[in-house]
Amino acid sequence: MNSSPFTLSGVHYRPITPDDVPAFYDVMMNAGMDERAETWNGTTPDDLRATLFAPDCGGYLAVDRDGRAVGCVGYRPHGNHTLVLYRLATRPEARGRGVGRQLMNEAEGMANREGYGRLMLPISQFNLGVIPFYEHLGYRQVDEPYPFLKEGRPAPVVMVKEFKSHNEDSE
(Lines give C-alpha, C1' and ligand atoms only; values in the text may rest on other atoms or scores of the structure.)
Protein backbone atom coordinates (compact mmCIF):
# COMPACT_ATOMS: atom_id res chain seq x y z
CA MET A 1 0.00 0.00 0.00
CA ASN A 2 2.99 2.34 0.06
CA SER A 3 3.68 4.98 -2.53
CA SER A 4 6.99 6.54 -3.43
CA PRO A 5 8.05 9.60 -1.43
CA PHE A 6 8.22 13.06 -2.93
CA THR A 7 8.92 16.63 -1.86
CA LEU A 8 6.68 19.71 -1.94
CA SER A 9 7.76 23.12 -0.64
CA GLY A 10 10.72 21.67 1.23
CA VAL A 11 8.62 19.05 3.00
CA HIS A 12 9.11 15.38 2.17
CA TYR A 13 6.06 13.06 2.36
CA ARG A 14 6.58 9.35 2.81
CA PRO A 15 4.93 6.21 4.15
CA ILE A 16 5.70 5.54 7.80
CA THR A 17 7.98 2.81 9.06
CA PRO A 18 8.10 1.28 12.55
CA ASP A 19 11.07 3.55 13.32
CA ASP A 20 8.79 6.57 12.73
CA VAL A 21 6.45 5.87 15.67
CA PRO A 22 8.28 8.24 18.08
CA ALA A 23 8.20 11.06 15.49
CA PHE A 24 4.52 10.40 14.65
CA TYR A 25 3.70 10.46 18.38
CA ASP A 26 5.71 13.64 18.91
CA VAL A 27 3.82 15.45 16.15
CA MET A 28 0.50 14.34 17.64
CA MET A 29 1.40 15.46 21.15
CA ASN A 30 2.64 18.85 19.91
CA ALA A 31 -0.26 19.59 17.56
CA GLY A 32 -2.25 21.42 20.24
CA MET A 33 -5.23 19.07 20.59
CA ASP A 34 -7.66 20.01 23.36
CA GLU A 35 -6.65 18.21 26.55
CA ARG A 36 -10.21 16.84 26.92
CA ALA A 37 -9.77 14.69 23.80
CA GLU A 38 -9.01 11.46 25.65
CA THR A 39 -8.76 9.30 22.53
CA TRP A 40 -6.03 11.60 21.26
CA ASN A 41 -4.18 12.55 24.42
CA GLY A 42 -4.50 9.08 25.93
CA THR A 43 -2.76 7.45 22.97
CA THR A 44 0.62 5.90 23.69
CA PRO A 45 3.42 5.02 21.28
CA ASP A 46 2.52 1.35 21.80
CA ASP A 47 -1.11 2.12 20.82
CA LEU A 48 0.15 3.79 17.65
CA ARG A 49 2.46 0.91 16.83
CA ALA A 50 -0.43 -1.56 17.23
CA THR A 51 -2.87 0.38 15.03
CA LEU A 52 -0.49 1.77 12.40
CA PHE A 53 1.12 -1.59 11.67
CA ALA A 54 -1.87 -3.92 11.86
CA PRO A 55 -2.69 -5.67 8.55
CA ASP A 56 -3.51 -3.21 5.73
CA CYS A 57 -2.93 -0.23 8.04
CA GLY A 58 -0.30 2.47 7.80
CA GLY A 59 0.22 6.17 7.50
CA TYR A 60 2.30 9.00 6.15
CA LEU A 61 4.81 11.33 7.71
CA ALA A 62 5.74 14.83 6.55
CA VAL A 63 9.40 15.68 7.23
CA ASP A 64 10.97 19.10 6.81
CA ARG A 65 14.38 19.91 5.32
CA ASP A 66 16.01 19.52 8.73
CA GLY A 67 14.66 15.99 9.13
CA ARG A 68 12.03 16.99 11.69
CA ALA A 69 8.58 15.43 11.44
CA VAL A 70 6.02 18.22 10.96
CA GLY A 71 2.89 16.24 10.09
CA CYS A 72 1.33 12.79 10.17
CA VAL A 73 -1.80 10.83 9.28
CA GLY A 74 -2.77 7.20 9.85
CA TYR A 75 -5.19 4.93 8.05
CA ARG A 76 -6.94 1.62 8.53
CA PRO A 77 -9.56 -0.25 6.50
CA HIS A 78 -13.17 -0.75 7.48
CA GLY A 79 -14.87 -3.30 5.27
CA ASN A 80 -13.95 -3.65 1.63
CA HIS A 81 -14.63 -0.12 0.40
CA THR A 82 -13.87 2.29 3.26
CA LEU A 83 -10.51 3.50 4.46
CA VAL A 84 -10.63 5.34 7.79
CA LEU A 85 -8.15 8.17 8.28
CA TYR A 86 -7.11 9.19 11.77
CA ARG A 87 -4.56 11.18 13.71
CA LEU A 88 -4.02 13.86 11.08
CA ALA A 89 -1.78 16.30 12.87
CA THR A 90 0.60 19.10 11.99
CA ARG A 91 2.91 21.08 14.18
CA PRO A 92 1.63 24.63 14.65
CA GLU A 93 4.67 26.12 12.90
CA ALA A 94 3.96 23.98 9.80
CA ARG A 95 0.37 25.13 9.38
CA GLY A 96 -0.56 27.23 6.40
CA ARG A 97 2.08 25.53 4.23
CA GLY A 98 -0.22 22.85 2.81
CA VAL A 99 1.18 20.03 4.95
CA GLY A 100 -2.22 18.78 6.17
CA ARG A 101 -3.71 19.03 2.69
CA GLN A 102 -0.79 17.09 1.17
CA LEU A 103 -1.00 14.39 3.83
CA MET A 104 -4.67 13.99 2.95
CA ASN A 105 -3.75 13.86 -0.75
CA GLU A 106 -1.23 11.10 -0.02
CA ALA A 107 -3.82 9.04 1.86
CA GLU A 108 -6.51 9.66 -0.77
CA GLY A 109 -4.18 8.66 -3.59
CA MET A 110 -3.21 5.44 -1.83
CA ALA A 111 -6.87 4.64 -1.08
CA ASN A 112 -7.81 5.22 -4.70
CA ARG A 113 -4.96 3.05 -5.99
CA GLU A 114 -5.92 0.27 -3.57
CA GLY A 115 -9.56 0.33 -4.71
CA TYR A 116 -11.29 1.94 -1.76
CA GLY A 117 -14.41 3.81 -2.81
CA ARG A 118 -14.49 6.20 0.10
CA LEU A 119 -12.58 7.69 2.96
CA MET A 120 -13.98 8.24 6.42
CA LEU A 121 -12.56 10.38 9.18
CA PRO A 122 -13.65 11.08 12.73
CA ILE A 123 -13.59 14.62 14.10
CA SER A 124 -13.28 14.88 17.87
CA GLN A 125 -16.04 16.80 19.64
CA PHE A 126 -13.17 18.89 21.02
CA ASN A 127 -11.77 19.77 17.59
CA LEU A 128 -14.81 20.83 15.56
CA GLY A 129 -13.01 23.91 14.25
CA VAL A 130 -11.28 21.71 11.66
CA ILE A 131 -14.53 20.79 9.89
CA PRO A 132 -14.27 23.62 7.31
CA PHE A 133 -10.78 22.37 6.34
CA TYR A 134 -12.18 18.92 5.53
CA GLU A 135 -15.28 20.34 3.82
CA HIS A 136 -12.95 22.35 1.57
CA LEU A 137 -11.25 19.05 0.66
CA GLY A 138 -14.59 17.54 -0.39
CA TYR A 139 -15.60 15.72 2.80
CA ARG A 140 -19.17 15.88 4.06
CA GLN A 141 -20.70 15.12 7.43
CA VAL A 142 -22.72 11.91 7.58
CA ASP A 143 -25.09 10.44 10.13
CA GLU A 144 -23.19 7.20 10.48
CA PRO A 145 -21.52 5.66 13.53
CA TYR A 146 -17.76 5.66 13.80
CA PRO A 147 -16.77 1.98 13.60
CA PHE A 148 -13.80 2.24 15.97
CA LEU A 149 -15.48 4.16 18.82
CA LYS A 150 -14.37 2.94 22.22
CA GLU A 151 -17.07 2.47 24.83
CA GLY A 152 -17.56 5.45 27.10
CA ARG A 153 -15.95 7.93 24.71
CA PRO A 154 -17.87 10.79 23.06
CA ALA A 155 -18.93 9.99 19.51
CA PRO A 156 -16.99 11.97 16.91
CA VAL A 157 -18.48 13.83 13.99
CA VAL A 158 -18.04 11.47 11.04
CA MET A 159 -17.04 12.87 7.66
CA VAL A 160 -16.83 10.95 4.38
CA LYS A 161 -15.43 11.56 0.92
CA GLU A 162 -16.46 9.22 -1.86
CA PHE A 163 -14.61 8.79 -5.10
CA LYS A 164 -14.47 6.43 -8.02
CA SER A 165 -11.49 4.12 -7.64
CA HIS A 166 -9.34 2.85 -10.49
CA ASN A 167 -10.73 -0.64 -9.83
CA GLU A 168 -14.23 0.56 -10.68
CA ASP A 169 -12.97 1.80 -14.04
CA SER A 170 -11.90 -1.71 -15.00
CA GLU A 171 -15.18 -3.45 -14.09
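Here are some notes to help you find your way around this predicted model.

1. Start with the overall layout. The chain holds 6 helices and 8 strands. Read from the N terminus, the order is β-β-α-α-α-β-β-β-α-β-α-β-β-α. You may want to keep that string at hand, as the points below refer to elements by number.

2. Next, some totals. The chain has 171 residues, and 46% of them are buried. About 8800 Å² of the chain is exposed, with carbon and sulfur atoms supplying 47% of that area. If you take contacts between residues at least 6 apart in sequence, 64% of them join residues at least 24 apart.

3. Strand β2 is a good place to look at side chains. It covers residues 11–15, and its side chains alternate along the strand. V11, Y13 and P15 point to one face and are buried, whereas H12 and R14 point to the other face and are not. Take V11: its relative accessibility is 1%, so it counts as buried. V11 also sits 4.5 Å from D64, C-alpha to C-alpha, although 53 residues separate the two in sequence.

4. Now follow β2 to its partner. β2 and β3 run antiparallel and are joined by 4 bridges. One pair to pick out is Y13, whose bridge partner in β3 is A62. Just ahead of β3, in the loop between α3 and β3, you'll come across D56. This residue is not a glycine, yet its phi is positive, near 65°. D56 has 48% relative accessibility and therefore counts as partly exposed.

5. Move on to β3 and β4. Strand β3 takes in residues 58–63 and pairs with β4 in the antiparallel sense, over 6 bridges. G59 stands opposite G74 of β4. The two strands make a hairpin with 5 residues between them, and G67 in that turn has a positive phi of about 85°. Is β4 itself mostly covered or mostly open? Mostly covered: of the 10 residues in β4 (69–78), 8 are buried.

6. β4 has a second partner to check. It pairs with β5 (residues 82–90), again in the antiparallel sense, through 7 bridges. G71 has T90 of β5 as its bridge partner. Here too the strands form a hairpin, with 3 residues between them; G79 in the turn shows a positive phi of about 75°.

7. Stay in β5 for a moment and find R87. Its phi is positive, at about 60°, even though R87 is not a glycine. Buried or exposed? R87 counts as buried, because its relative accessibility is 18% and the cut-off for buried is under 20%.

8. R87 turns up again in the largest pocket, which has a volume of about 1100 Å³. Elements giving two or more residues to its lining are α2 (38–41), α3 (45–52), β4, β5, α4 (99–113), β6 (118–123) and α5 (131–136). In total, 48 residues line the pocket, and those nearest its centre are M33, W40, R87, L88 and P122. β5 provides the largest share of the lining, with 6 residues.

9. Finally, what kinds of residue line the largest pocket? By class, the lining has 25 nonpolar residues, 12 polar ones and 11 charged ones.

Definitions and conventions: Residues are numbered from 1 along each chain as its sequence is written. This is a predicted model: local features need pLDDT of at least 70, side-chain atom pairs count only at pLDDT 80 or more; totals for chains, interfaces and linings use all residues. Side-chain values use heavy atoms; hydrogens and water are left out. Buried means under 20% relative accessible area, exposed over 50%, partly exposed in between (1.4 Å probe, protein chains only). Contact means heavy atoms within 4.5 Å. Accessible areas come from the Shrake-Rupley method with a 1.4 Å probe; for residues, only the protein chains shown count as cover. Two strands pair if DSSP finds at least two bridges between them. On a 1 Å grid over the protein atoms alone, a cavity is a set of points where a 1.4 Å probe fits but cannot get out, and a pocket is an open set with protein on both sides within 12 Å along at least five of seven lines; lining residues have an atom within 4 Å of a point. Grid points are joined across faces, edges and corners, and a volume is the space filled by probe spheres set on the points. Ala, Val, Leu, Ile, Met, Phe, Trp, Tyr, Cys and Pro count as nonpolar, Asp, Glu, Lys and Arg as charged, and the others, Gly among them, as polar.
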